[in-house]
Amino acid sequence: EERRVGKECRSRWSPYHEKKKRNKKRKKQKRQQLFLLISCLMLVLTICWYVISLSSTINSKENSKGDSVADTVQLKRVGSVSRDNSRYATGNYANVYNYLNSIKQVANNGYDMVLEKDGYYRMSSADKYSILQLTDLHITGTESSYDSDLKAIKAVYTMIQRAKPDFIILTGDVIFGTDGYDANDGIRALNVVSTMMDNIGIQWTWCFGNHDHSFFDQYSDDIIASMLAQSTTLRMYNNNEEITGYTNGTFELCNKNGSLIMSLILMDTGNMVENIDGTYGYDYIRDDQTQWYEQQVNRLNAKNPNAKSLLFFHIPVQEYINAWNSGTVVFGTKREDVFCSAYHSSIFDKVVELGNTKAMFCGHDHLNDYGAYYNGVELVYGKSIDYIAYTGIENKTEQRGATLINITKDSNYSIVQLQYE
């Protein structure tokens, strides 16, 4: 009876238990399905987040890269660069900054001198270029000489407006640094030059002269680099501590296809050096610099053996004396002695030996503006700007101006001496 009752009970409740089992199974399946769905959804969301983040990062990098290029172009093309010069525009020197603020962009071809991945500056935009050499501006940054600075700035602006060059090379003594020179005046002079060149908007480089060194040599390389970085249009290499001098560098001019046409090689002639007799005289291009020059020429020849180069520096080499005395003078006048170093530099002999450099350009001697061939190389004095370094030079006009160098696709060049007044 008990067994029958129990059996009846089991029989009676069996449908219930089966239904309960089925419901339990369905709930379990639903939970599994829900878990699987949530897992899939989380996976999809994770993938989407990753793709969005990656895309954002790439776009950010591309935009950053684009902004950098755009900024360079924009700063080069605008009429003026926004900077706070109020602390420098004091007293009579406010007249200088009033004029600087009036300087407008000089329209040229708009080519860019770009620092490429291989570490060299290169302009690859055309089959011909114009390069303007300016030298010996002698900006003082001093209250007492503000008028001379103002005249020099006006002269520079006028020459650049007239030439509209693709690139500008300042071959030294841009700042009138001297012994005991007030560093604050030098900093203001540097700000004046940077402001002027950025407002003009054409890219430029700078080969230091002895007076530039008198100012900059009191600072470390890192500080000098930060000082120079205030100009957005300046194109200059970081100092190579393995070579004598701060401003040694090569700038390549290429055609639209990227083939080398002409190279512009800058070399630093330093400041002063002790002579054999214990006196001090002008420095010169040292042997390690000559070795560096040979390495650069060999590198450039490997790219295009038919392309030539032009060499720029501040203090003339001794061969400038020989060029005037026994070479073939093609233009200009020698109005003062050639104030070169008492030491003979090996650079000219190496230039003749390699046969790559067709002409040399210097400054330093403000009254000389001649060009002469000597041993197959043209040695050129650039016209100067100076209004203060020489006694009475503010009243002299024949030497003042700039040197325009026109370069063609077949690696030839021509020189035009531009008179200011």
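Val114 stands opposite Arg122 in strand E2, a pairing that belongs to the margin of a sheet in this predicted model. Strand E1 (114–115) and strand E2 (residues 121–124) are joined in the antiparallel sense over 2 bridges. From E1 the open sheet continues through 9 strands in the order E1-E2-E6-E7-E10-E12-E14-E13-E11, and its pairing is mixed. E1 and strand E11 (328–331) occupy the edges with a single partner strand each, so one side of each is left without a neighbour in the sheet.

Moving inward, strand E10 (residues 308–312) offers a good view of the sheet interior, since 4 of its 5 residues are buried and the strand is therefore largely enclosed by the rest of the structure. Strand E7 (residues 260–266) runs parallel to E10 and is joined to it by 5 bridges. Strand E12 (residues 357–362) also runs parallel to E10, here with 4 bridges. Ser309 is a handy landmark in E10: Ser263 has Ser309 as its bridge partner, and Ser309 stands opposite Thr357 in E12. In a regular strand, side chains alternate between the two faces of the sheet.

Helix H7 (residues 287–303) comes next. Its 17 residues reach 25 Å from the first C-alpha to the last, close to the 24 Å expected at 1.5 Å a residue. The buried residues of H7 are Gln289, Thr290, Trp292, Tyr293, Gln296, Val297, Arg299 and Leu300. These buried residues pack against strand E6 (249–254), E7, E10, E12 and helix H9 (347–354). One of them, Arg299, also has its charged end over the ring of Tyr120, 3.5 Å from the ring centre. A second arrangement of this kind involves Lys154, which lies over the face of Tyr99 at 5.4 Å from the ring centre.

Aromatic residues deserve a look of their own. The count of aromatic pairs comes to 21. Among these, Phe208 and Phe216 have ring centres 4.7 Å apart and planes at 5°, so the pair is stacked. Both Phe208 and Phe216 are buried. The two phenylalanines also belong to one aromatic cluster, together with Trp204, Trp206, Phe215, Tyr219 and Tyr246.

The cysteines tell a simpler story, as the structure holds 0 disulfides. The sulfur of Cys340 has its closest cysteine sulfur in Cys362, 9.8 Å away, which is too far for a bond. The cut-off for a disulfide is 2.5 Å between the sulfur atoms. Seen from Cys362, the closest cysteine sulfur is likewise that of Cys340, at 9.8 Å. Cys340 is buried, with a relative accessible area of 17%, a value under the 20% limit for that class. Cys362 counts as buried as well, at 0% relative accessibility.

Taken over the whole protein chain, the model contains 9 helices and 16 strands. Of its 421 residues, 47% are buried. Among contacts in the chain with a separation of 6 or more, 74% are between residues 24 or more positions apart.

Notes. Residues numbered from 1 in each chain as written. Predicted model: local features only at pLDDT ≥ 70, side-chain atom pairs only at ≥ 80, totals over all residues. Heavy atoms only, no water. Buried < 20%, exposed > 50% of the residue type's maximum accessible area, 1.4 Å probe, protein only. Pairing = 2+ DSSP bridges. Phe/Tyr/Trp six-rings, centres within 6.5 Å; stacked < 30°, edge-to-face > 60°. Lys NZ or Arg CZ within 6 Å of the ring centre and 35° of its normal. Expected span 1.5 Å × (residues − 1). Contact = heavy atoms within 4.5 Å.
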